[in-house]
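Me: I'd like to talk through this one with you. Could you put the structure up so we can go over it together?

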Amino acid sequence: MRIEVKGVNDVLMMKIHQDCTFEDFLLELDKLLDQPIFQQDGYFPKAFFDFGCRIVSEEEVKRLILLLKEKKKVLFFGITLPSQQNQLSIQREQLHNGEEISIYQETLFLGVVNPGSFVYCYDNVYFLNRVKGTIVVMNENVKIYGHDFQKAQIMINQKSLHDLTVSALSSVYYKDNEIIVQKEDGYEQNYSHNFG
């Protein structure tokens with residue numbers, strides 16, 4: 001198969017291999033949606049389509065949406081778009097209990113992430129303020145950075161790290177089936193710790 005399907009929280013991540021043409025992708029998706037797992041009455045999982053760095057035309061997106069509308073098996077949750085180099089998005093929201101936000105491009109996050117709030121990261125995110133809520137990394141190649149994590153919860157690739165408390169510039173990423181927290185300050189360079 002040229003479509004790799006992973007469940008991340010309540011979202012089906014559908015990664016399309018780079019050598020797969022869009023026509024082959026649509027044919028394979030059509031067959032995939034006819035599988036018994038998608039034949040559950042009243043249950044419609046969210047589907048996010050990861051085309052990597054491939055440029056998808058507006059017409060191709062319309063064809064994808066029409067196929068999903070015709071099949072009525074999954075809810076369209078979004079697609080990746082190639083990011084433009086050297087552009088950093090800025091988010092200023094203060095997130096409170098029950099609020100959530102999805103970040104689709106490399107972002108500088110200036111707001112506070114309070115307990116009970118969720119940030120879904122599809123690209124690298126740099127948190128400049130306090131993080132006490134939940135950060136869900138939606139792609140195992142994404143890194144998050146911050147200097148003030150206080151009992152934060154980090155989720156990557158169906159693994160989670162509870163009560164992360166760090167007061168030094170740190171990066172958090174996924175490597176070798178583990179969540180890694182690496183402190184970047186001058187005193188503890190090259191220090192990393194694995195969490196299961």
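**How the two domains meet**

Reply: The chain averages a pLDDT of 87 (the predictor's confidence in each residue, from 0 to 100), and 91% of the residues score at least 70. This is a predicted model, where local features need pLDDT of at least 70 and side-chain atom pairs count only at pLDDT 80 or more, while totals for chains, interfaces and linings use all residues. Residues are numbered from 1 along each chain as its sequence is written, and side-chain values use heavy atoms, with hydrogens and water left out.

Me: Over which residues is the pLDDT below 50?

Reply: Where pLDDT is low, the predicted coordinates shouldn't be read in detail. The stretch in question still has 21 contacts (heavy atoms within 4.5 Å) beyond near neighbours in sequence. It covers residues 187-196.

Me: What area is buried between domain 1 and domain 2?

Reply: An automatic or database assignment sets the domain bounds, giving domain 1 (3-79) and domain 2 (89-194). Their C-alpha centres are 28 Å apart, and 9 residues of domain 1 are in contact with 11 residues of domain 2. Buried area is the accessible area (1.4 Å probe) that two parts lose on being put together, summed over both. Carbon and sulfur atoms give 50% of it here, and the total is about 770 Å².

Me: Which residue forms a salt bridge with E140?

Reply: A salt bridge needs a side-chain nitrogen of Lys or Arg within 4 Å of a carboxyl oxygen of Asp or Glu. The count between domain 1 and domain 2 is 1. For E140, the closest N and O atoms are 2.8 Å apart, and the partner is K6.

Me: Which element gives the largest share of the side of domain 1 that touches domain 2?

Reply: Strands here are DSSP runs (E, at least two residues), numbered from the N terminus. Those giving two or more residues to that side of domain 1 are strand 1 (3-8), strand 2 (11-16) and strand 3 (46-50). The largest share, 3 residues, comes from strand 1.

Notes:
Helices (H or I, at least four residues) and strands (E, at least two) are DSSP runs, numbered from the N terminus.
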